[in-house]
Amino acid sequence: MLVQERSKPKSPKLSQIRAVSNFSPNLDFSTWFSENLYKIVTVAALIATVAVLFMLRNMGDTAALLCFQTQAESLERIQMPELDEKSIKRIFDKTSPYASFRSDKWVVVSVSDYPTEPLRKLVKIRGWQVLAIGNSKTPSDWSLKGAIYLSLEQQVQLGFRVLEFLPYDSYVRKTVGYLFAIQHGARKIFDADDRGEVIDGDLGKHFDIDLVGEEGHRQETILQYSHENPNRTIVNPYIHFGQRSVWPRGLPLENVGELGHEEFYTDVLGGKQYIQQGISNGLPDVDSVFYFTRKSGLEAFDIRFDENAPKVGLPHGMMVPVNSFNTIFHSPAFWGLMLPVSVSTMASDVLRGYWAQRILWEVGGQVVVYPPTVHRYDRIEAYPFSEEKDLHVNVGRLIKFLISWRARKQRLTEKILELSFAMAEEGFWTEKDVKFTAAWLQDLIAVGYNQPRLISLDLGMPVGIIGEGDRKEFVPQKFPSVHLGVEETGTVNYEIANLIRWRKNFGNVVLIMFCSGPVERTALEWRLLYGRIFKTVIMLSESKNLDLVVEEGKLENVYKYLPKIFDQYSGADGFLFLQDDTILNYWNLLQADKNKLWITNEVSKSWTKVSPNDNSDWFSKQSSMVKKVVSMMPAHFQVSYKNTIPNRKSFIVCSSEIFYIPRRYVSDFVDLVNLVGDLEIHHKVAIPMFFLALDSPQNFDWVLSTMVYEEESPSTNSSSLYSAQVPVVHPWSVSSEQDFIKLIRRMAEGDPLLLELV
């Protein structure tokens, strides 16, 4: 399996690129001897050195041996390069056909063969410029419409200092591409390869392309791993996205057995996610140990992750493997794109990722991991375990070193060079990468890169206690695996723990359920299903049933019955309304904010803006009543409503099969219901009117935006409609015990303990 075309680096000298095809060895011995005299003398000296060492050790002359070793070490001591930023002259593109071209979003890939189908699709992504970097294995006639291609010869003409260090047959030549993109206006760089197909052809589906302040992008909160345990320095993000027994390339093997999910998370304000690591479906980024021990044959991997799981950030002091084929770098982290050249190719991008994460903390940035962004196809190709030697031998030690490292320098470039030097001293890479770092930093400055500001870093300070109110819960899905090489123990305990967490999260939330179907056949079943999770289940129906404790209510004005329930459960955290043709996958609601309003305003088929005309009698009457109620609203309600609906002739119709009202809005909601009085405003009109008066839609929680929603109920439940990976499914009909059993078996994918009910 080749993650990229990662062959072992060879001589980087550019003269060899041109000479390699013309090389012809001379078989004349005298000529050969004269040409290689220096090498022969050198080898002889090395042999003599070994002999002297051997003699000294056997003679027991410790003083002589130590003196010899000290002299040898002084000769081998790594030198710190000098970096004078003021003397660096700008480098302008004067040779390529794209000298005047500018773009702020670039995709950088390495190519060794003719264009792949995923690469052809990549160039069609709007707003992104693909830059293909060739090497010695790339066909001479390589071409792809829409892509900029830089051959070896074109790369040499750019005049970058890093060219002196780059192997000519490796993907690490992408370093030239990064500099070229920055030189031509890059603000975002998608570090990709030519075998990853972007899901839905949209990099913005999960990645945060625009951060706070860019094109009016508003600040958001991001779920973040807890920093409560300062000794926890590395995480496996695949667990968060539903695959507990899969681990990424670069995870220390000693951490592979950690299968448990998070007890709780925290959250952090977004805008600093300068490095964004995407997850890959199909063949994720795994190491050779996983690849060759988790298969029973030659079948291709097709591993899937939870696309609905929230993105998750890493606090300072905690790290995660970062690769070079599904990662977005924002401008404040461009310095971290450098791919080291003195380590094995399968280790280069991973070591880069850890090195970059440590410096990223110095500028206040963080790494965030995102749901599946690409699909990569397993070609069932092998690569030697030796290509990962720098990972499995050193990566655990490297993480400990980076966590404990403290910068003494003041400027960003000095800190970066200082860390590269320290890593060479510790043996994580060689002096070659120290010199390479200096060349890289000089080239960055030369192409006009603007460095981000440094922040004051408090690593090592005592971590404060995380209060209950700051704890955020999210229980990952457990997706089916085809790679059962890791024995998953404690499964039952895991499922019970999930039930406890769901109950803890929703145990003080009242579920209000309206039943349109026959309550005598389904009321007990609904209570059995949802009563395990919620504080209580209040049942409403067109007909009252004292035996089943079902209250009477009319769906068209069901909101008028809610104040009574609110008063009855005055200590509840909130109230969730649900119609019985809508299925609630409660395990996917843990990330929702119970202090915010939830409604289907982001579901286009459910939420519609209406401007009635004279021919629509019902809509005209509803519009007239809405105007009347809005005119009677207190100022703060009226302003909030009109900020969203400025046109007095328009109003919102929402199907309102599901919505949530937190405790802090209950009193205001009751006041709005009282304003309606005897007016017969329909439930589908009143609920969105109330919500818009209570708060701005941009403050609503988005948890329902991913629900499955169809407008009309099919005659029979469609197996393709239900998904356990979304928070809500609509419509789904349950009118008998058999329907309920079928539903339970489908829902058991998300909550396996439900099978005990049937």
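In the predicted model, C515 is a buried residue, its relative accessible area being 1%. C654 is likewise a buried position, with a value of 0%. A disulfide is a covalent link joining the sulfur atoms of two cysteines. Under the criterion that the two sulfur atoms lie within 2.5 Å, the number of disulfides comes to zero.

Charged contacts were examined next. Side chains that carry opposite charges can pair when their charged atoms come close. Across the whole structure, the search returns 25 salt bridges. One of the pairs consists of D267 and K472, whose side chains meet with an N to O distance of 3.9 Å. This pair joins distant parts of the chain, 205 residues apart: D267 belongs to strand β7 (residues 265-269), whereas K472 lies in the loop between α14 (431-446) and α15 (491-506). D267 is partly exposed, at a relative accessible area of 36%, and K472 is partly exposed as well, at 27%.

A salt bridge is also formed by R397 and E426, with 3.7 Å between the closest N and O atoms. Here, too, distant parts of the chain are linked: R397 is located in helix α12 (residues 395-404) and E426 in the loop between α13 (412-425) and α14, with a separation of 29 residues. The relative accessible area of R397 is 38%, so this residue is classed as partly exposed. E426 falls into the partly exposed class at 39%.

In the salt bridge between E542 and K554, the closest N and O atoms are 3.4 Å apart. The partners are 12 residues apart and occupy two loops: that of E542 runs between β13 (536-541) and β14 (550-552), and that of K554 between β14 and α17 (562-568). Both residues are partly exposed, E542 with a relative accessible area of 34% and K554 with 32%.

Beyond these pairs, salt bridges connect K174, D191 and R352 into a network. K174 is also one of the residues of helix α7 (residues 174-183) that are buried. This helix is mostly covered, as 10 of its 10 residues are buried. Alongside K174, the buried set comprises T175, V176, G177, Y178, L179, F180, A181, I182 and Q183. After α7 comes G185, which has a positive phi near 95 degrees.

Positive charge at the surface was considered separately. K627, K642, R648 and K649 together form a positive surface patch. Within this group, R648 is situated in the loop between α19 (635-644) and β18 (651-654). R648 has a relative accessible area of 57% and is therefore exposed, the threshold for that class being over 50%.

K628 provides a further position of interest. This lysine is part of helix α18, which spans residues 617-632. With a relative accessible area of 46%, K628 is partly exposed. Its C-alpha atom is separated by 8.9 Å from that of V676, although the two residues are 48 residues apart along the chain.

Technical notes: Residues are numbered from 1 along each chain as its sequence is written. This is a predicted model: local features need pLDDT of at least 70, side-chain atom pairs count only at pLDDT 80 or more; totals for chains, interfaces and linings use all residues. Side-chain values use heavy atoms; hydrogens and water are left out. Patches are made of residues with over 30% relative accessible area and no salt bridge: like charges are joined within 9 Å, nonpolar side chains (Val, Leu, Ile, Met, Phe, Trp, Tyr) within 5 Å. Accessible areas come from the Shrake-Rupley method with a 1.4 Å probe; for residues, only the protein chains shown count as cover. A salt bridge is a side-chain nitrogen of Lys or Arg within 4 Å of a carboxyl oxygen of Asp or Glu. Lys and Arg count as positive and Asp and Glu as negative; His and the chain ends are not counted. The place of a charge is taken as NZ of Lys, CZ of Arg, CG of Asp or CD of Glu. Helices (H or I, at least four residues) and strands (E, at least two) are DSSP runs, numbered from the N terminus. Buried means under 20% relative accessible area, exposed over 50%, partly exposed in between (1.4 Å probe, protein chains only).
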